[in-house]
Amino acid sequence: MEPHEGQVAVGKALFYDGKKYIFCNCGRKYGKSEILIYSIMRWALTHPNAACYYIAPFQKQAKELIWANQRLQNFLHESIRSKYIESINNTEMRITFKNGSFIKLDGADNYEAYRGINPHFIAYDEFKDHHPQFHVGMEPNLAPNDAPCFIIGTPPETDDNHFWKIADSLSDDPDGAYFNLPSSSNPHISRDWLEKTRIRLEKRGELDVWQREYLAMRVYGGRKSIFPMYGDKHVIDYQRALNIIRRNRRKWKLYCTADPASASTFGVLFTAINIYDRRVIHLDEVYETETRETSSRKIWPKILEKLKEIQPDLSEWEFGRDEAATWFGNEILDITEGDVYFIPTQKSKMSKDDGLSLIKDQMLYGYWRRTERCVKLDWEIKNYIKNDKDKIEKKNDHLIDCTRYTNFFDNYTHIESEEPPVDEEEELKPRGYTVYEDAYSDLKKSDWTVNALDENYYDMEDDYDF
């Protein structure tokens, strides 16, 4: 069978353009096994003494994918196999060629065994399910022979996966080639079958499966998502948010909430909550993953910079922290000479499920917003999903914890109304009068000399803080 256009483009990047990293994010039935087998076979045949490896997530999986069904061994036509193949070892899953090259199949779970080898070509199948340490150990091995690395697979459910980390790293790599190849790029797949599959998955409430598995899209969470209602409507421009808060400053309480860590991620969230209509706006964040930067003396200047930009008067802020981080609270007291005290939570008395349900309600009924500066909060929420056992794993939730803690400090317990709280456009419209304007109007009626101040009126108003 002739390769289709999607496969031809991949082969061109590898064999003609000389790309060293080929990354194929593809849908099911695109023809990934065929292009992988073709590529590794061609490389072994055209490069004498080449050590070529095909790596599936597990050794048993490698056997099932292309060995037990004879797809690899019988790829060459029977009339020419004897001309090029020296031997086939079923125990080792190794094909040895007469030019000295070989193809070896194995699993990424056997990552310790591959440190220090010198491959000439390596292919990863179903990459999202690989043990991440395999490529960490293998990548330095590519250097001695300038070996190409061919990576292929369907996308994972979350961004917290080596699949996307490697894919994103190739965006500006001149030696890399990235391909997005949906199932429909294979012309041999029935369009009618694809459409029926889409309809069936959509009816089951699994549109995310269709998008991820067949369109090869970057989809977050899907049916396992903790926050399926979250989206673009929950984002507000940072400067716009500040304008809303500053126009009605006394209606808003400001919170700086920390989830400290000395040996992992240190998260801090800066939030404003309206004391009347209960709107929540997460304004900014600190998200530090380098352990050498997570000490109190290193993290405090970063926190202070954000605080001063939003509201420089620290007495206007409420400070809170995870109750387990007593060391952080004590050290900040020392650093600030007693001016800043981070109140500990009582999370042992807090239900995590209740806390997450409250955040869901805030999002669902229009009370919850975040600015574009809360990049990691956005990332955590999109990737916060249940595992295969329908449980929430304790990972990548540092700023999500901060949102729960902030609600706790504010005594935010429930949504009283399911109606959106306010019209922000109306809120930002210029007011008819200010206190100064009222006083100035009365003064004009009784003292004609005040007209001489008209040209300086707006400058004078700036000097008054009402």
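**Rings and strands in a predicted model**

Author: Strand β12 (residues 280–288) is largely enclosed by the rest of the structure, because nine of its nine residues are buried. The model is predicted: local features need pLDDT of at least 70, side-chain atom pairs count only at pLDDT 80 or more, and totals for chains, interfaces and linings use all residues. Residues are numbered from 1 along each chain as its sequence is written, and side-chain values use heavy atoms, with hydrogens and water left out.

Reader: What makes Tyr-53 buried or exposed?

Author: Buried means under 20% relative accessible area, exposed over 50%, and partly exposed in between (1.4 Å probe, protein chains only). Tyr-53 has a relative accessible area of 10%, so Tyr-53 is buried.

Reader: Why is the contact of Tyr-53 and Phe-102 called an aromatic pair, and which kind is it?

Author: Rings of Phe, Tyr and Trp (its six-membered ring) pair if their centres lie within 6.5 Å; planes under 30 degrees apart count as stacked, over 60 as edge-to-face and the rest as tilted. Tyr-53 and Phe-102 lie 5.6 Å apart centre to centre, with 90° between the planes, and the pair is edge-to-face. Tyr-53 belongs to strand β2 (residues 51–56) and Phe-102 to strand β5 (residues 102–107), so the pair ties together parts 49 residues apart in sequence.

Reader: How do you know that Arg-373 lies over the face of Tyr-238?

Author: A charge sits over a ring if NZ of Lys or CZ of Arg is within 6 Å of the ring centre and within 35 degrees of the ring normal. Arg-373 lies over the face of Tyr-238 at 3.6 Å from the ring centre; Arg-42 lies over that of Phe-15 at 4.2 Å.

Notes: Helix = DSSP H or I, 4+ residues; strand = E, 2+ residues; numbered from the N terminus.
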